[in-house]
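User: I am new to this structure and would like to get to know it step by step. Could we go through it together?

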Amino acid sequence: MARERKFVFVTGGVASSLGKGITAASLGRLLKARGLKVALQKIDPYLNVDAGTMNPYQHGEVFVTEDGAETDLDLGHYERFVDINLTRKSNVTTGQIYGAVIEKERRGEYLGQTVQVIPHITDEIKRRIREVADEWDADVTIVEIGGTVGDIEGLPFLEAARQFKLDVGAEHVLYLHVTLIPTVAGGELKTKPTQHSVRELRSIGIQPDGLVCRTPLPLTDEMRRKIALFCDTPIDAIFEAVDTDFIYEVPLLLEEQGIARWVMQRLGLSDGSPDLNDWRELVRRGRNPLNEVTIAMVGKYVQLRDAYLSVVEALKHGWFANQVRVRIQWVDAEQLSEETAPSLLNGVDGIVVPGGFGYRGIEGKIVAIKYARENGIPFLGLCLGLQCAVIEFARNVCGLKGANSTEFDEETRYPVIALMDEQRRVVQKGGTMRLGAYPCFLKPGTKIAEIYGTQLVYERHRHRYEVNPRYHETLEKHGLTLCGISPDGKLVEAIELTDHPFLVATQFHPEFKSRPNRPHPLFAAFIAAALRQKERIPSAAVAAEF
């Protein structure tokens with residue numbers, strides 16, 4: 001007899017950014033700890049086909065999967081918490097759904113039919129949900145529906161979720177609603193927004209089986225009874241997500257409240273003893289640092305820190321590996337110059353230049369890299385950070401005055417960063433970069449090979465421009481080690497300076513593969529180097545909290 005799959009739909013109400021992604025990821029971790037196969041999927045109601053062309057200030061970072069999908073940042077939470085590599089099937093958008101249905105209509109698959117939201121759009125949504133469950137051969141598939149209940153663009157997805165119970169049986173479907181318990185003047189908690197949110201969800205045919213209440217303070221028994229009465233939800237199915245400064249504690253906090261046990265019982269699954277020892281250990285190490293370092297994050301999207309979410313989390317993972325608290329000092333690259341660098345970067349123990357696109361802030365990033373190189377400060381460059389490091393080295397060490405990337409200056413005399421031939425023919429912007437995991441050979445005897453402990457790695461990419469092969473020999477002749485190379489020998493994947501305490505940059509994005517319980521070796525090594533820097537020259541306490 002075939003195993004019957006189970007499905008958990010996570011919805012949100014009252015406001016966006018309540019933590020639906022963290023809730024879904026935490027539940028995934030708890031179910032996996034019980035030996036279940038777990039699949040996760042994020043549904044984004046926007047019309048874009050993917051997140052690749054969206055402004056980071058509106059959407060936060062673009063998370064890239066192994067197979068090259070540009071996705072919502074919540075997939076990063078899923079991968080980090082559940083410790084799995086997701087695929088493009090784990091992110092569904094309105095653009096994908098309508099595009100697929102229109103293509104089917106043009107091919108004649110709906111001949112004689114009037115194509116409508118119900119059933120054609122909702123059928124395509126449900127097909128995608130089943131597809132990801134089949135891909136993972138999942139016992140439980142957790143589907144997070146983005147946005148807020150009441151948003152017009154999310155209605156087809158909620159309707160598909162409602163229909164799912166009819167399709168597979170009520171005993172195989174669970175609806176978990178994340179909502180807000182805000183405070184008003186005097187600090188009083190108010191349940192009315194949650195009541196209205198549940199009423200809105202019920203009006204479209206979904207009665208939530210359980211609630212996760214985001215709240216600044218613990219709920220009282222009286223509040224739980226009130227929520228249960230007005231929302232028609234059992235008291236034992238009301239869980240609280242109290243604000244925390246340490247998101248990796250959330251699975252343990254929800255476990256203490258019995259959410260996984262409740263989910264297992266509700267779905268008719270046999271509960272067992274979860275293995276959360278490694279998770280408890282990483283929380284212990286994170287909560288009990290033995291030292292502290294200050295890392296300057298030099299970027300142009302620093303006003304919205306979610307734009308660098310995976311980098312921040314990977315730095316935290318380096319914190320766990322070394323049991324050293326990381327304080328990030330956010331530095332706006334546009335404010336950096338030769339004159340301001342000494343004050344803006346004073347006392348930092350390490351500098352990170354993350355990825356990005358466009359010319360704005362580039363000169364400030366180059367100044368930061370020069371400051372790190374000349375002052376022996378540990379430096380980690382990621383994607384654009386590598387390109388800026390090559391430009392800086394070409395200008396200030398190789399003597400190629402005015403060296404630049406053709407992305408920023410098409411007429412530069414020394415195009416040390418340039419488009420490869422295959423990218424020159426690209427017309428469409430969406431999904432046409434070098435995306436996903438590619439192999440990289442690490443040069444034996446280099447610092448990066450020692451860090452990885454191997455000579456072949458697979459890392460994720462998201463870029464168009466590369467180090468120009470015409471300048472490889474010049475860069476190496478002046479002391480820049482091209483320590484990571486593509487299998488065909490044409491593309492530079494990583495660089496380092498041998499005579500520097502730690503100056504490493506990669507064309508790929510190692511942050512996407514870092515896990516809290518398995519920190520990426522580059523970030524672990526970088527934080528260790530920052531600690532050595534601190535012990536050599538005590539840093540000033542000028543950093544901002546996370």
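**A guided tour in questions**

Analyst: Leu400 has 11% relative accessibility and counts as buried. Please keep in mind that this is a predicted model.

User: Thanks! In which loop does Leu400 lie?

Analyst: Happy to help. Not counting residues up to four places away in sequence, Leu400 touches Ala394, Arg395, Tyr414, Val416, Tyr471 and Thr474. Leu400 itself lies in the loop between α15 (384-396) and β14 (404-405).

User: How many Å apart in space are Leu400 and Arg127, C-alpha to C-alpha?

Analyst: In sequence, Leu400 and Arg127 are 273 residues apart. In space, their C-alpha to C-alpha distance is 56 Å.

User: Let us turn to the sheet. What is the order of the strands in the open sheet of nine strands?

Analyst: Strands of a sheet pair through backbone hydrogen bonds, either parallel or antiparallel. In this open sheet of nine strands the pairing is mixed. Its order is β11-β10-β12-β13-β21-β20-β19-β16-β17.

User: Which strands stand at the edges?

Analyst: An edge strand has a single partner, so one of its sides is left without a neighbour in the sheet. That applies to β11 (324-332) and β17 (456-463).

User: By how many degrees are neighbouring strands of this sheet turned against each other on average?

Analyst: This is an average over neighbouring strands of the sheet, with direction ignored. The value is 25°.

User: Which residue in β21 does Leu380 stand opposite?

Analyst: Strands β13 (residues 379-382) and β21 (residues 503-506) run parallel and are joined by four bridges. Across from Leu380, in β21, stands Val504.

User: What angle does the direction of helix α14 make with that of β12?

Analyst: Helix α14 (residues 362-375) packs on the sheet, where it touches β10 (291-299), β12 (350-353), β13, β20 (492-497) and β21. Its direction and that of β12 make an angle of about 150°.

User: And what angle does the direction of helix α19 make with that of β10?

Analyst: Helix α19 (residues 521-536) packs on the sheet too, touching β10, β11, β12, β13 and β21. Between its direction and that of β10 the angle is about 115°.

User: Now for a single residue: is Thr93 buried or exposed?

Analyst: Thr93 has its place in strand β5 (residues 91-93). Leaving aside neighbours within four places in sequence, it is in contact with Asp44, Tyr46, Asn48, Val49, Asp50 and Phe157. Its relative accessible area is 0%, and the cut-off for that class is under 20%, so Thr93 is buried.

User: Which backbone oxygens does the side chain of Thr93 reach?

Analyst: One of them lies at 2.9 Å and belongs to Asn48. The other, at 3.0 Å, belongs to Val49.

User: Why are the buried residues of α11 on the same side of that helix?

Analyst: In helix α11 (residues 277-287), Trp279, Leu282, Val283 and Gly286 are buried. What covers the buried residues of α11 includes α1 (20-32), α3 (74-82), α9 (250-257) and α12 (309-322). These buried residues are on the same side of α11 because they cover an arc of only 100° around the axis.

User: How many aromatic pairs are found in the whole structure?

Analyst: Ring pairs link Phe81, Phe246, Tyr248, Trp279, Trp319 and Phe320 into a cluster. A search of the whole structure finds a number of aromatic pairs equal to 17.

User: What kind of pair do the rings of Phe9 and Phe164 make?

Analyst: Phe9 is in strand β1 (residues 6-12) and Phe164 in helix α6 (residues 155-168), so their pair ties together parts that are 155 residues apart in sequence. Phe9 is buried at 1% relative accessibility, and Phe164 is buried at 0%. The ring centres are 5.5 Å apart and the planes stand at 65°, so the pair is edge-to-face.

User: Where is there a cis peptide bond?

Analyst: Most residues other than glycine have a negative phi, and most peptide bonds are trans. Pro119 lies in helix α5 (residues 117-136). With omega near 15°, the cis bond runs from Ile118 to Pro119.

User: What is the phi of Asp137?

Analyst: Asp137 is found in the loop between α5 and β6 (140-145). It counts as partly exposed, at 30% relative accessibility. Its phi is positive, in a residue other than glycine, and is near 50°.

Technical notes. Residues numbered from 1 in each chain as written. Predicted model: local features only at pLDDT ≥ 70, side-chain atom pairs only at ≥ 80, totals over all residues. Heavy atoms only, no water. Helix = DSSP H or I, 4+ residues; strand = E, 2+ residues; numbered from the N terminus. Buried < 20%, exposed > 50% of the residue type's maximum accessible area, 1.4 Å probe, protein only. Pairing = 2+ DSSP bridges. Axes fitted to C-alpha atoms, helices over the stretch in contact; angles between N-to-C directions. Contact = heavy atoms within 4.5 Å. Polar contact = N/O pair within 3.5 Å; in protein donor to acceptor, adjacent residues only side chain to side chain. Arc of directions from axis to C-beta. Phe/Tyr/Trp six-rings, centres within 6.5 Å; stacked < 30°, edge-to-face > 60°.
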